[in-house]
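Work through the two exercises below with the sequence and the structure side by side, and try each task before reading its solution.

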Amino acid sequence: MKFKIVIVSLFVVALAFVSYIYLHDETTDETNSYLQTVVFKDSDDELIPISLNFYGAVDIEEDVINRIDVMKSSDMEDYGLYPVFSEDLEVLGVDLNNSVLTINFNNALYSNNALDIMETLAFTMSHYSEVESLEIQIDGENVSYLPNSDIPLSALSSTLGLNNFEQATSETYLHNTLPVMIYQNKNINDYQYYVPTTYRIDENASLYEQVSTILHYIQNNIHLIDAYINDHILTIELDNNILLDNETIDKNLEELIVLSLTSLEDINDIHIVIDGETISSIETSQIAYNYVKI
């Protein structure tokens with residue numbers, strides 16, 4: 001099994017794979033690809049979104065079952081990726097009705113980490129454009145909470161994010177903040193992955209404050225001069241202290257910045273300006289993370 005870690009497209013509620021930007025200049029031929037996002041975890045219990053080629057479109061009910069089956073698999077453990085769901089978890093039924101996706105599990109769902117379950121299901125299932133909300137059943141009965149969690153299952157949406165801090169686990173906190181998924185590089189078994197952490201910032205903060213907070217979490221020496229949005233384009237003006245000797249921005253840092261800023265709502269493009277010159281202009285449809293070729 002050979003792995004290639006690449007960049008793939010991310011939207012808020014749907015994945016659109018427009019182009020592939022490969023780490024380490026690798027190339028691949030992905031004809032007839034049907035890339036879908038699943039979630040695994042590493043030995044530190046951090047959740048990592050991974051995109052796999054399922055090689056064929058199926059109806060949404062079958063696709064849900066396929067994705068959950070993959071996230072139960074131990075096939076990737078040699079590469080530092082471990083299943084989120086237990087092996088004995090079963091999907092008893094999937095139903096999509098009036099934009100509500102209902103997934104009926106057996107009671108093995110209780111044996112999994114509650115927050116991991118909620119984050120994984122919210123992140124993966126919200127990528128279906130047909131789905132507006134998600135409901136969970138166990139043995140055919142609707143459930144509102146999972147054990148050891150005070151987050152209601154009604155909070156299952158893309159706004160929940162992955163790898164939340166502990167303070168984000170209260171319902172009150174969820175309703176008073178804006179979630180932003182901030183990405184960092186992580187080496188796992190000699191492979192580089194982009195791993196998000198969900199921070200929650202004041203929803204009433206100004207755009208400058210929101211962008212400045214995100215950049216600080218990525219790298220604390222990034223100095224934001226200004227930030228503004230025009231026609232769905234976010235422009236950030238940065239101090240030139242982050243430029244390399246050849247007056248360019250480090251490609252990895254650039255990708256982490258753009259990936260993380262896509263957490264902000266209704267952004268189509270991101271422009272990075274330094275000393276009055278646009279040094280980066282990336283459409284969010286070309287943003288990247290963690291394609292694994294098997």
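Two strands pair if DSSP finds at least two bridges between them, where helices (H or I, at least four residues) and strands (E, at least two) are DSSP runs, numbered from the N terminus. The model is predicted, with local features needing pLDDT of at least 70 and side-chain atom pairs pLDDT 80 or more, while totals for chains, interfaces and linings use all residues. Residues are numbered from 1 along each chain as its sequence is written, and side-chain values use heavy atoms, without hydrogens and water.

**Exercise 1.** Trace how strand 12 pairs with strand 11 and with strand 13.

*Solution.* Begin with strand 11 (residues 224-230), which runs antiparallel to strand 12 (residues 233-238) over six bridges; here Asp-226 lies opposite Glu-237 of strand 12. Two residues separate the strands of this hairpin, in which Asp-231 adopts a positive phi near 55 degrees. Next, turn to strand 13 (residues 269-274), with which strand 12 pairs in the parallel sense, again over six bridges, and where Val-273 is the bridge partner of Glu-237. Finally, follow the connection: strand 12, helix 5 (residues 251-261) and strand 13 form a β-α-β unit that is right-handed, meaning that, with the strands pointing away from the viewer, the path from the first strand over the helix to the second runs clockwise.

**Exercise 2.** Describe the protein chain as a whole, starting from its helices and strands.

*Solution.* The count gives five helices and 14 strands. Turning to burial, 50% of the 294 residues are buried, that is, under 20% relative accessible area with a 1.4 Å probe, protein chains only.
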